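Trainee: Got a minute to walk me through this one? I'm still learning how to read a fold.

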Amino acid sequence: MIKIAVLTPEFLPVPAVDGGGVETILNDFLDINEQNHEADIEVFSIFNEKAKEKSKQYRNANFNFYKLIPIKFRNFFPRVMRKFFKQRFIFNKRYFKGIIKDIEKKEYDYLLVENKVDLIPYLYKHLKNNQIKILVHIHNSDQIKPNFLVDLSSQCYGVIAVSEYVKKLVMSKYPTIEENKVKVIYNFSDISEDSFPVDPKQVEEFKVNNNISEDEKVILYSGRVIESKGIMQLFKAVREINDPKVDLLIIGNSWYGMSNEQTEFQRQLSKEAESIPGKVIFTGYVDHKNLGLYYSVSDICIFPSIEPETAGLVQLEAMGYKRMTIVSDSGGMPEYMGTDGFIVPLGSEFQENLNRTLQNVVQMDKSELSKRGESLYRHSLKFNGEKSFNQLIDFMNGENISGDEKKE
C-alpha cells in the first residue's frame, strides 16, 4: 500500500470545513480513498476545531493539525521582495519546521505538496536525504515561479498540473524539466443536481422572498468576490443589457468561509448594483452543500475572469447543475468547456465581447438554455473525482515517472 503525506497550505483547513478550491479537491480525494483505499494518507493541515472533529470520520487517513503562530514583521520581507524584485516568499518557517520534523519521524513514499511551490526549496533542503519523493500539485498560475530559489526540475520528483495550460507554463519556466515529470490531472467537481437535492418549495420560496418572477432570468456568479474574477465587468455587461427582468446572483466573498467582512471592492460592487435595472442579490459565502438552491434558481452561470485561471472548478459545478455556462478565455478554463457553452475572448475588447455574448445568451428562451445546460452536464462527466484520483495513484504507484510502465 502506497503511503502519502499531504502538505496543505497554511490558510484553510482539511477537511474543507471553510471551503477553498484546493482544499475541496483534496477533501474529495480523501472521500474517494475511503471507498477504494488505494493509499494510506496522512494530512498535515492548519488547526481548525470543526475540521479536527470531522477528521474523526476517516478510516484510511490520519490528520495532524498545527496552530499557526504569527511571526513579528513576517509580512515586511515578502512585501519588499514582491514590490521591488517581483519575488514571492510567503510561508511561515516556524509553522512548517514543526511539520517537517513530524514527517521525518515516519516513512512515506510520497510527499504531496498542495499549491505551495515557494515551500519546495525549504522542503528539498531538509528532506533531500530522506527517501520520500516530493510531488507538487499546482492549482494557481502564481505558483509556477514564486521566487528565484525554486527549481522544480531538480528539487521535486514530479509536478501535477491541473490543465495543459499549467503544464505549458511549467515547461516554459523550467526548460530543463523532463516533460514526463509533469502530469496533467484535471480538476473535477462531483457536485451535481443529485449531490444535494433541492426541495422545489425552497426554490419557490427564494423567488418569492426576492420578488423573482417566472419570466425573469437570473445570472449567477459563484467564487471569490475579487477584482481579478471580472465581476465589475460582469456588472457593466448586465447594466448594458438594461433589462429589469435580468437579475444577478453573486455567491461568495473575498476569502471563502473565513470572513464576511466587506472589502473596498465589494463596497464598489454594491454601489455599481444601484445602476442595474434588475435585482442584484449578494449571498456572501455559501457552503457547497447549500449551493444547489442557488443553481436551481439561476438560468445562466458566468465566470468572466480577467486574469489567468489554471482550471475551471466553478464552471464544472455550474455544468454539474445543468446550467448554461459562460467563461472567459482565461488560462485553462476553455479546456473544461463543452461545445454548448460560450468562451469570451480576453484582450482590449473584452468588455465589448462580454456585453455581446451575454446579450445573446440572455435573449435565448429558457428551453434553449436548459437544452444547452443538459449538454454541458454530459460534458462535465468527463471530469470526475475517481478518474483524477486514480490518475494520481497511477502516477505514483502504477507508472514509472519516466513514462514507462512499472514492471511487476
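Mentor: Sure, let's go through the sheets, a helix, some rings and the core. Keep in mind that this is a predicted model.

Trainee: Okay, sheets. In what order do the 7 strands of the open sheet come?

Mentor: They go 3-2-1-4-5-6-7, and the pairing is parallel. Strand 3 (61-66) and strand 7 (182-184) stand at the edges with a single partner strand each, so one side of each has no neighbour in the sheet. From one strand to the next, the twist averages 20 degrees.

Trainee: How many bridges join strand 2 to strand 3?

Mentor: There are 6, and the two strands run parallel. To see one, look for Ser 45, whose bridge partner in strand 3 is Phe 65.

Trainee: And which strands does helix 1 touch?

Mentor: Helix 1 (residues 21-36) packs on the sheet and touches strand 1, strand 2, strand 3, strand 4 and strand 5. Its direction makes about 150 degrees with that of strand 2. Helix 4 (residues 93-104) packs on the sheet as well, touching strand 1, strand 2, strand 3 and strand 4, and its direction makes about 160 degrees with that of strand 2.

Trainee: Let's stay on helix 1. How far apart are its end C-alpha atoms?

Mentor: They're 23 Å apart. With 16 residues at 1.5 Å a residue, helix 1 should span 22 Å, so that agrees.

Trainee: Which of its residues are buried?

Mentor: Quite a list, including Val 22, Ile 25, Leu 26, Phe 29, Leu 30 and Ile 32. Glu 23, Thr 24 and Asn 27 are also among them. Right after the helix comes His 37, with a positive phi near 45 degrees.

Trainee: New topic: how many aromatic pairs are there?

Mentor: The count comes to 16. One of them is Phe 44 with Tyr 108, which is edge-to-face, with 6.5 Å centre to centre and 80 degrees between the planes.

Trainee: What does that pair tie together?

Mentor: Phe 44 lies in strand 2 and Tyr 108 in the loop between helix 4 and strand 4, so the pair ties together parts that are 64 residues apart in sequence.

Trainee: Are those two buried or exposed?

Mentor: Buried is under 20% relative accessible area. Phe 44 is at 1%, so it counts as buried, and Tyr 108 counts as buried at 9%.

Trainee: Got another pair for me?

Mentor: Try Tyr 66 and Tyr 95, edge-to-face at 6.2 Å centre to centre, with 80 degrees between the planes. Tyr 66 is in strand 3 and Tyr 95 in helix 4, so this pair links parts 29 residues apart in sequence. Both Tyr 66 and Tyr 95 are buried. Ring pairs join Phe 44, Tyr 66, Tyr 95, Phe 96 and Tyr 108 into a cluster.

Trainee: What about the open sheet of 6 strands?

Mentor: Its order is 10-9-8-11-12-13, with parallel pairing. Strand 10 (280-284) and strand 13 (342-344) are the edge strands, each pairing on one side only. Strand 11 and strand 12 share 4 bridges, and Phe 303 has Val 327 as its bridge partner in strand 12.

Trainee: Last one. How many residues are in the largest nonpolar core?

Mentor: It has 124, and those with the most contacts inside it are Leu 111, Leu 123, Leu 152 and Leu 358. Helix 9 (residues 231-241) gives the most to this core, with 7 residues. Leu 152 touches several residues, among them Val 117, Ile 120, Val 136 and Tyr 174.

Conventions: Residues are numbered from 1 along each chain as its sequence is written. This is a predicted model: local features need pLDDT of at least 70, side-chain atom pairs count only at pLDDT 80 or more; totals for chains, interfaces and linings use all residues. Side-chain values use heavy atoms; hydrogens and water are left out. A nonpolar core is a set of buried Ala, Val, Leu, Ile, Met, Phe, Trp, Tyr and Cys residues joined through side-chain atoms within 4.5 Å. Buried means under 20% relative accessible area, exposed over 50%, partly exposed in between (1.4 Å probe, protein chains only). Contact means heavy atoms within 4.5 Å. Two strands pair if DSSP finds at least two bridges between them. Axes are lines fitted to C-alpha atoms, for helices over the stretch in contact, and angles run from 0 to 180 degrees between N-to-C directions. The expected span of a helix is 1.5 Å times one less than its number of residues. Rings of Phe, Tyr and Trp (its six-membered ring) pair if their centres lie within 6.5 Å; planes under 30 degrees apart count as stacked, over 60 as edge-to-face and the rest as tilted. Lists of a residue's contacts leave out its neighbours within four places in sequence.
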